[in-house]
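Here are some exercises on how side chains pack, each with a worked solution. Have a go at each task before you read on.

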Amino acid sequence: MPKQVDYLLPGGRHGVLLIHGLTGTPAEMRFVAKGLNRRGYTVYAMQLDGHCGSVEDLLATGWRDWAASVSAAAAKLGAQVDKLFVGGLSMGALLALNYALEQPDSVHGLALYGTTFRYDGWAVPAIAKLSFLLPWVVPLGIGRKRSFTEVFPYGLRDERMRNRIVGAMFGGDSSAAGLPGNPWPSLAELYRLARHVRARLPRIDTPALVVHATEDDVASLRNARMVMDRLAGPSELLELPESYHMVTLDGERERVIEGSAGFFQRVLRGESAQHAGTPLQHLRAVGAD
């Protein structure tokens, strides 16, 4: 049975719900959670259904279960705050977008970290890049017990952080750093979620901050550009040249925190009310463009 490792950081009347990625854990959001909490936000790092336990726990759930857990967490946090922002990492970004689709009046802004519609980054093995076919393969009974194991550099450019996370990941405690691999059936569920969200991006008019590593090893920058191009609402792109996929943990995490807090403040001041579909800004973490 999964260990419960979600956490709430009480703050002011503006709240941020943070959603971890597939096979991940709320711990991967802790730096961002603490950084936003220091800036006055009430932050809830939720735990997705089926996560932080065994592979069997994860396989017992699908994307609609994960989406339902997001809705429950948003309701829990929403009862404590006046305005709600939702952020997610990797698959968590897809779930944040999905929640904005389901409850558009409940979300004031989105923070999308390393959005992953497809595993097409430079470090993804060739066979794993075909994982988008899994929604058609898994129903045939193929690969239920197979996984794609995480590979170097494990989404992290910062060597010290990488060693710490990889040690925990392969140490047997999935609540600390997640599972060391992505089961095929769970990847199939991710791609079903991705297909569902991608087709409906033009319906989302919630202001969005899109944070993505220039050299994302797991999900290429094309994933971020898809969001920027198709969202109906105003958006900003914060591109990180010195990070890999796990931008909430990597070396530019302080820029992620500052960028997120600044974006939320602009939304609260009403400065994001631009023409739908028009990017607000393209910000590079290396300085002003």
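**Exercise 1.** Work out whether Tyr191 is buried or exposed in this predicted model.

*Solution.* Start with the cut-off: a residue is buried when its relative accessible area is under 20%. Tyr191 comes out at 5%, so Tyr191 counts as buried. Try the same step on Tyr119: its value is 11%, so Tyr119 is buried as well.

**Exercise 2.** Find out what kind of aromatic pair Tyr119 and Tyr191 make, and which parts of the chain the pair ties together.

*Solution.* By the pairing rule, the model has eight aromatic pairs. For this one, check the distance first: the ring centres are 6.4 Å apart, and the limit is 6.5 Å. Next comes the angle: planes over 60 degrees apart count as edge-to-face, and these two sit at 65 degrees, so edge-to-face it is. Last, place the residues: Tyr119 is in the loop between β5 and α5, while Tyr191 belongs to helix α8, so the pair ties together parts 72 residues apart in sequence.

**Exercise 3.** Now do the same for Phe148 and Trp184: how are their rings arranged, and where do they lie?

*Solution.* The centres are 5.3 Å apart and the planes make 35 degrees, which is a tilted pair. Phe148 sits in strand β6 and Trp184 in helix α8, so you get a link across 36 residues, between distant parts of the chain. As for burial, Phe148 has a relative accessible area of 15% and is buried; Trp184, at 10%, is buried too.

**Exercise 4.** Pick out the aromatic cluster, then look for charged ends that sit over rings.

*Solution.* The cluster is made of Tyr41, Phe85, Phe263 and Phe264. For the charges, go to Arg30: its charged end is over the ring of Tyr7, 3.9 Å from the centre. Then try Arg253, whose charged end is over the ring of Phe31 at 4.2 Å from the centre.

**Exercise 5.** Describe the largest nonpolar core: how many residues does it have, and which elements contribute?

*Solution.* Count first: this core has 56 residues, and Leu17 and Leu110 have the most contacts inside it. Among the elements giving two or more residues are β2, α3, β4, β5 and α8. Zoom in on Leu110: leaving out residues up to four places away in sequence, its contacts include Val86, Ala96, Leu97, Ile204, Leu209 and Phe263. Finally, there's a second, separate core of 34 residues, with Met161, Leu238, Leu240 and Leu249 among them. As background, nonpolar side chains tend to be buried together in soluble globular proteins.

Conventions
Residues are numbered from 1 along each chain as its sequence is written. This is a predicted model: local features need pLDDT of at least 70, side-chain atom pairs count only at pLDDT 80 or more; totals for chains, interfaces and linings use all residues. Side-chain values use heavy atoms; hydrogens and water are left out. A nonpolar core is a set of buried Ala, Val, Leu, Ile, Met, Phe, Trp, Tyr and Cys residues joined through side-chain atoms within 4.5 Å. Buried means under 20% relative accessible area, exposed over 50%, partly exposed in between (1.4 Å probe, protein chains only). Helices (H or I, at least four residues) and strands (E, at least two) are DSSP runs, numbered from the N terminus. Contact means heavy atoms within 4.5 Å. Rings of Phe, Tyr and Trp (its six-membered ring) pair if their centres lie within 6.5 Å; planes under 30 degrees apart count as stacked, over 60 as edge-to-face and the rest as tilted. A charge sits over a ring if NZ of Lys or CZ of Arg is within 6 Å of the ring centre and within 35 degrees of the ring normal.
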